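I opened this entry to keep track of what I looked up, in the order in which I looked it up. The topics are ring pairs, a loop, the nonpolar cores and the enclosed space.

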Amino acid sequence: MLYEGSCHCGNVAFEVEGEFTEALDCNCSLCRRRGGLLAFVPREKLVLTTPEDNVSTYTFNRHVIQHHFCANCGIAPFGEAVGPNGAAMASINLRCIPAVDIGALTVKAYDGAAR
């Protein structure tokens, strides 16, 4: 299924293809503070629909994940990294996709603080 998502102000918007029934609730120092619920897709399933210049990026710790956010409203709709199999991946903040029923998701805890 194709979904549309964005930050709060719409400055960073995207389309993503996937079936979202589960989400990860990560407890790393960043995710814990921002409260996102994450799902992962191959990077090619995410298409930015706003100019790339609208995206700001933050990295921390080992600097392997590009955490993207909107510099205008501060919302972080997605990130990018390379998965364990070497393929480019996108982590989607499902809270940034209005059509996803957050209450219907199976939410699994992920211990990102242990990494």
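**Aromatic pairs and a loop**

I began with the rings and found that the structure, which is a predicted model, holds three aromatic pairs. I then took up Tyr 58 and Phe 60, whose ring centres lie 5.9 Å apart with the planes at 15°, so I entered this pair as stacked. Because planes under 30 degrees apart count as stacked, I had no doubt about the label. I also looked up how far each partner is open to the outside: Tyr 58 has a relative accessibility of 41% and is therefore partly exposed, and Phe 60, with a relative accessible area of 23%, is partly exposed as well.

From there I went on to the loop between β6 (55-58) and β7, where Asn 61 lies. I noted for Asn 61 a positive phi of about 55°, although it is not a glycine, and a relative accessibility of 55%, so that Asn 61 counts as exposed. His 63 lies in the loop between β6 and β7 too, and I wrote down for His 63 a positive phi of about 60°, again in a residue that is not a glycine. With a relative accessible area of 52%, His 63 is exposed; the cut-off that matters here is over 50%.

**Nonpolar cores**

Next I asked which residues have the most contacts inside the largest nonpolar core. The core has 20 residues, and the ones I was looking for are Val 16, Phe 20, Ile 92, Leu 94 and Ile 97. The elements that give two or more residues to this core are β2 (13-17), β4 (38-42) and β9. I followed Val 16 further and, leaving aside its neighbours within four places in sequence, found it in contact with Met 1, Leu 2, Tyr 3, Val 41, Lys 45, Leu 46, Ile 92 and Ile 97. Apart from this core lies another, of five residues, among them Cys 26, Cys 28, Cys 31 and Leu 38.

**Enclosed space**

Last, I searched for cavities of 30 Å³ or more and found one, with a volume of about 50 Å³. Its lining is made up of Arg 34, Leu 38, His 67, His 68, Ala 76, Pro 77, Phe 78, Gly 79, Ser 91 and Asn 93. The elements that give two or more residues to this lining are β7 (66-70), β8 (78-82) and β9 (88-93). By character, I sorted the lining residues into four nonpolar, five polar and one charged. I marked Leu 38 in my notes, since this residue is named both in the lining of the cavity and in the core of five residues.

How values were computed:
Residues numbered from 1 in each chain as written. Predicted model: local features only at pLDDT ≥ 70, side-chain atom pairs only at ≥ 80, totals over all residues. Heavy atoms only, no water. 1 Å grid on protein atoms, 1.4 Å probe; cavity = no way out; pocket = protein on both sides within 12 Å on 5 of 7 lines; lining within 4 Å. Points joined across faces, edges and corners; volume = space filled by probe spheres on them. Helix = DSSP H or I, 4+ residues; strand = E, 2+ residues; numbered from the N terminus. Nonpolar A, V, L, I, M, F, W, Y, C, P; charged D, E, K, R; others polar. Core = buried A, V, L, I, M, F, W, Y, C linked by side-chain atoms within 4.5 Å. Buried < 20%, exposed > 50% of the residue type's maximum accessible area, 1.4 Å probe, protein only. Contact = heavy atoms within 4.5 Å. Phe/Tyr/Trp six-rings, centres within 6.5 Å; stacked < 30°, edge-to-face > 60°.
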